[in-house]
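The following exercises are to be worked with the sequence and the coordinates at hand. Each task is followed by a solution in steps.

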Amino acid sequence: MRLFENIHTATTEEVLHKLNTSIKDGLSANEARSRLEEYGPNELEEKVKKQAWKMLLGQFMETMVVILIIAAIISGFLGKEIETIAIAAIVVLFAVLGFVQEYRAEKAMAALKQLTVPFVRVIRDGVTSEISARLLVPGDIIVLEAGNIVPADVRFTEAVSLKIQEAALTGEADPVDKRTQAIGKADIPLGDRWNMAYMGTTITMGRGKAVVIRTGMHTEIGKIANMIQEVQKGKTPLQNKLDQLGKWLALAGGIAAVLVLVVGLLQGESLSDMFLVGISVAVAVIPEGLPAVVTITLALGAQKMLKQNALIRKLPAVETLGSVTVICSDKTGTLTENKMAVTSIEAAGISIRNYPVDGVDSPDIHLNLLIGQLCNDADIQVTEQSKTVIGEPTEAALVDGAMQAGLIKRELEAKLPRVGEVPFDSDRMRMTTVHNSSEHSVEILKRVGLDQSALIAFTKGAVDGLLKISSQVKTNDGVEPLNEQWINRIRKAHDELASQGIRVLGLAYKELNNSVDVNNPDEVETNVVFSGMIGLIDPPRASVKAAVSKCIQAGIRPVMITGDYPLTAMAIARELNIPTDAGYITSEQLSNISDKELEEKVKAISVFARVAPQDKLKIVTALQQLGQVVAMTGDGVNDSPALKKADIGVAMGITGTDVAKEASDMVLLDDNFSTIVAAVEEGRAIFDNLIRFVKFSLGGNLGKVLVMLFAPFIGITIALSPLQLLYLNLLTDGLMGLGLGVEPAEANNMKRPPRAVKDPVLNKLAIAHVTWTGIVIAAISLVISFFYFDLANPDDPYWQTMLFATLGFTQIGHALGLRASGRAIFSLTSNIVFTIVIILTLILQLSVIYISPIDHFFSLAPLHPSDLAITILLGLLMIVLVQVERRWLVRGN
């Protein structure tokens, strides 16, 4: 059986006929079994997942890791067990951490499966019974009520005061009213399809019956699950840059090895000896500590971010944040509080636009707050420790607004008890409650400007609908007939509020006698007195405006992508200073443009409203096609595909669904957009530190390679042994690199644009730095070697120890000179890790020179104190030279 599209446009009868089912009897048991075989169980399927062993093997395919594996193998052939074990440990650590992160990312489907409902009430063969939701098939008639999770995509055949919370799917904060009538327009967003409900959404109010339309992977959530599995996440900017660097280093290492081999052979050395030396030089070119430094630096950065309420799920996300150029944010619960609040009140000629700040102690204002409080099924329970909201957000906001004026619901209900009601329905678009008036209510009625009567009805609902049943209006002078002038005035005020994205409710009352039927709308909802309007909005978070401004200052473009209405989205965007000059675009408009046209649109438009899940994915993809590094924030199931596709997905920790969290790279534990700003700042600092380490490591490695290349020209065939080279590499690249990796942020960190994704790890200035520092380190070391080398006794370890010490201390000086600007070079407290590393490096450097038998193991000899002082002074010279370069570059900019 093939289901037709746009089922929301068909009548109930047409739907039932197409599905060959009936409201009364539902499907027969035999037909249900047949359809279960045809459509399969109502559950989300996982595509064939990448096997764990393949994930683990993939970690060893990265260029840098491959080079390190080769280096470990070569070290093993050289008989250097220590170096082999050290490099192998780094490789294993790098691979295991990468595997864990990738394996955890596969959990998104498991979280989606948790959204299915285990049991549901279904009508089959005319009998209502409970069955597993897995057994539902298209054509089943199911019974739903408040608290149920919708088990499949359904079309309503009966709806009584029915509201469904669809925020996880559509992004809209408020529960949506549901009804059964067909919708005339086919191409409308999911959130506007009032006769449909979707798997995984929650019924907050009322009851109803529905016919199952789609199950399993054919549902809207199923489509999202499919998108999540199909989304291919590219490498992070850091991974791309390290891969590129690894390829260049492999080439450089090979060239250096060949050159050393040729020079040695020309000097008359044996092929076997020079082969070993050449291999050692090739290994020396590679910064063995880079993967470990990257992993540890990112892990420490993640730990620091956690203290600021940003939980990093995937380590590369730490650095990726520093490269972000666009933040695509869902509105509800991310930019806003996900909590409706009273912001405006219109009553008897009084206009309040900033309630409760501009609250007025007026009977007419209090009357409207009173009506909103009592014509209401929500409540707020306040204790010293907490504030618990019971009921839907809009009604809870009315209760909270009245409480701020001193109108406490339980006290009012005791004085004006409810004796009748006409519940809200989507046809009337209003709700009425009837209250008993007695001597206990005289004071409160006087406070709001009403006379005592036997009964009083309070009504709230859509303004247009209330105007149709109103015959009078409450004014400063009392009650007046509702004439055309008043109607125009009310509508003008309504339109003004609505244009600002504010949800507007009309309020009215009617004094009754004891003879009326308190539950009959024809008696209690005619000739009412229109008393005013209340405007509500999901307000922006207090800290978000400053966070958005800081993002813009840092060259990061904020983009709002929401399932809410355009007017609301634009109003919130304007309040937060998100650019609105280019207007907005909706899901309907997106469906009518090509991918190329969308790429042109996203260059200027920063507000996307009424969007569907696939739209968010398309927008993120379009931005990435333009070369942007995209962060996507969100909390709902609808955000998951875009979260996974984005360069960095940021989920909300409090309001976020498990699906969103599993698809994300980072989770905001406080749901605070401003936390992203702190994370971006930390990400930029980490990338700066990684560049700092690469410059330091490659500069020192270049110096060592140049020493090996040019030493033969001053009579020294093999300047350093393979063990000495590897020790210097691991000591400086590992320990010193770790210290540089946790330097604090530069002073101008958030006052410069993001680093371009296409930029290599080393730009021209960085390459120049590596070049001159390598040449200086080599030149200083060769000069020292020339003065201390004794041609008559070339095997004397003293000259080699001077060379070894000079290389070590100049690299330490190089590291000190590269510390973050604005910090004292010799500060012990600005970076405790660096201080510890410097001390440890000095101890290890001196240990291999002065402690026996370690010095013999490394073929070194103790230095005279004056000679040691010379090597230390040469290290200080490197600090001065690096600082001179930094000041020259600052003046140049």
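**Exercise 1. Contacts and composition of the chain**

Determine what share of the contacts between residues at least 6 apart in sequence join residues at least 24 apart, and describe the chain as a whole.

Solution. The model is a predicted one. Step 1: among contacts in the protein chain between residues at least 6 apart in sequence, 72% join residues at least 24 apart. Step 2: the secondary structure comprises 34 helices and 26 strands. Step 3: of the 893 residues in the protein chain, 56% are buried. Step 4: the chain exposes about 36600 Å², and carbon and sulfur atoms supply 58% of this area.

**Exercise 2. The eight-stranded sheet**

Establish the strand order of the open sheet of eight strands, and explain why one side of β8 and of β22 is left without a neighbour in the sheet.

Solution. Step 1: the order reads β8-β26-β25-β24-β9-β21-β23-β22, with mixed pairing. Step 2: β8 (310-312) and β22 (584-586) occupy the edges; each has a single partner strand, so one side of each has no neighbour in the sheet. Step 3: from one strand to the next, the twist averages 20°.

Step 4: within the sheet, β24 (residues 630-634) and β25 (residues 648-652) pair in the parallel sense, over four bridges. In this pairing, G634 is found opposite A651 in β25. Step 5: helix α22 (residues 566-576) packs on the sheet, where it touches β21 (557-561), β22 and β23 (607-609). The direction of α22 makes about 155° with that of β23.

**Exercise 3. A nonpolar surface patch**

Identify the residues that form a nonpolar patch with about 440 Å² of accessible area together, and classify the accessibility of L251.

Solution. Step 1: the patch on the surface is formed by W248, L251, I255 and L259. Step 2: L251 belongs to helix α9, which spans residues 237-266. Step 3: the relative accessibility of L251 is 48%. Partly exposed covers the range between under 20% (buried) and over 50% (exposed). L251 therefore counts as partly exposed.

**Exercise 4. V783 and I714**

Locate V783, classify its accessibility, and state how far apart V783 and I714 are in sequence and in space.

Solution. Step 1: V783 is situated in helix α30 (residues 764-788). Step 2: because its relative accessible area is 44%, V783 is partly exposed. Step 3: V783 and I714 are 69 residues apart in sequence, while their C-alpha atoms are 9.5 Å apart in space.

Conventions. Residues numbered from 1 in each chain as written. Predicted model: local features only at pLDDT ≥ 70, side-chain atom pairs only at ≥ 80, totals over all residues. Heavy atoms only, no water. Patch = residues over 30% accessible without salt bridge, like charges linked within 9 Å, V, L, I, M, F, W, Y side chains within 5 Å. Areas by Shrake-Rupley, 256 points an atom, 1.4 Å probe, with all protein chains shown as cover. Salt bridge = Lys/Arg side-chain N within 4 Å of Asp/Glu carboxyl O. Helix = DSSP H or I, 4+ residues; strand = E, 2+ residues; numbered from the N terminus. Buried < 20%, exposed > 50% of the residue type's maximum accessible area, 1.4 Å probe, protein only. Pairing = 2+ DSSP bridges. Axes fitted to C-alpha atoms, helices over the stretch in contact; angles between N-to-C directions. Contact = heavy atoms within 4.5 Å.
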